[in-house]
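Hello,

Here is the structure for you to look over. My notes follow below it.

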Amino acid sequence: MSDVLLLRHAKSDWSVDVDDFDRPLNNRGKRAAQRMGEWLNTHQFIPEQVWVSAAKRTMETAEKTLKAAGLPISLIKPIPELYEA
């Protein structure tokens with residue numbers, strides 16, 4: 001049986017004037033994504049795949065989370081249709 005873990009992107013930066021799709025993480029979000037990766041590692045939640053929308057903040061969240069978990073970012077599979085789904 002497979003498990004599905006749903007995560008929302010970390011806190012984004014609203015101080016920058018960009019389209020929503022291109023909105024990056026703020027510093028708090030970057031720290032939170034790292035902490036989530038550490039938590040995943042501690043609790044041995046090791047994903048086989050990480051599906052994300054192609055939005056900048058979701059990609060950043062996934063990358064920082066996986067790196068902190070000691071996992072390769074090659075697990076990330078951007079799915080454009082997830083944006084605003």
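Which residues does threonine 61 touch, not counting residues up to four places away in sequence? The list is Arg8, His9, Ala10, Leu25 and Ala33. Please keep in mind that this is a predicted model.

**Threonine 61 and alanine 33**

Threonine 61 sits in helix α2, which covers residues 56-69. Its relative accessibility is 11%, so threonine 61 counts as buried, the cut-off being under 20%. One of its partners, alanine 33, belongs to helix α1. Alanine 33 is buried too, at 1% relative accessibility. Leaving aside neighbours within four places in sequence, alanine 33 is in contact with Ala10, Thr61, Lys64 and Thr65. Ala10 therefore appears on both contact lists, that of threonine 61 and that of alanine 33.

Here is a distance from that position. Alanine 33 and tryptophan 51 are 18 residues apart in sequence. Their C-alpha atoms are 15 Å apart in space.

**Salt bridges**

How many salt bridges are there? The count comes to two. Aspartate 20 takes part in the one with arginine 23, at 3.7 Å from N to O. Aspartate 20 also pairs with arginine 57, where the closest N and O atoms are 3.0 Å apart. Arginine 57 lies in helix α2 and aspartate 20 in the segment before α1, so this pair ties together parts that are 37 residues apart in sequence. Asp20, Arg23 and Arg57 are thus linked in a network of salt bridges.

Are the members of this network buried or exposed? Arginine 23 is buried, with a relative accessible area of 6%. Arginine 57 is buried as well, at 9% relative accessibility. Aspartate 20 counts as partly exposed, at 29%. That value lies between the two cut-offs, as buried means under 20% and exposed means over 50%.

**Aspartate 19**

Next along the chain from the network is aspartate 19, also placed in the segment before α1. Aspartate 19 is exposed, with a relative accessible area of 57%. From aspartate 19 to alanine 68 the C-alpha separation is 28 Å. Those two residues are 49 residues apart along the chain.

**Surface patches**

Which residues form the positive surface patch? They are Arg8, Lys11, Arg28, Arg31 and Arg35. Arginine 28 lies in helix α1, residues 27-42. Its relative accessible area is 51%, so arginine 28 counts as exposed, the cut-off being over 50%. Arg8, another member of this patch, is also touched by threonine 61.

There is a nonpolar patch on the surface as well. Leu5, Leu7, Trp39 and Phe45 make it up. Together they have about 400 Å² of accessible area. Tryptophan 39 is found in helix α1. Tryptophan 39 is partly exposed, with a relative accessible area of 39%.

**Helix α1 in brief**

Helix α1 holds residues from several of the items above. Among them are arginine 28 of the positive patch, tryptophan 39 of the nonpolar patch, and alanine 33. Arginine 28 is exposed, tryptophan 39 is partly exposed, and alanine 33 is buried. In helix α2, threonine 61 is in contact with alanine 33, and arginine 57 forms the salt bridge with aspartate 20.

Best wishes

How values were computed: Residues numbered from 1 in each chain as written. Predicted model: local features only at pLDDT ≥ 70, side-chain atom pairs only at ≥ 80, totals over all residues. Heavy atoms only, no water. Patch = residues over 30% accessible without salt bridge, like charges linked within 9 Å, V, L, I, M, F, W, Y side chains within 5 Å. Areas by Shrake-Rupley, 256 points an atom, 1.4 Å probe, with all protein chains shown as cover. Salt bridge = Lys/Arg side-chain N within 4 Å of Asp/Glu carboxyl O. Lys, Arg positive; Asp, Glu negative; His and termini not counted. Charge placed at Lys NZ, Arg CZ, Asp CG, Glu CD. Helix = DSSP H or I, 4+ residues; strand = E, 2+ residues; numbered from the N terminus. Buried < 20%, exposed > 50% of the residue type's maximum accessible area, 1.4 Å probe, protein only. Contact = heavy atoms within 4.5 Å.
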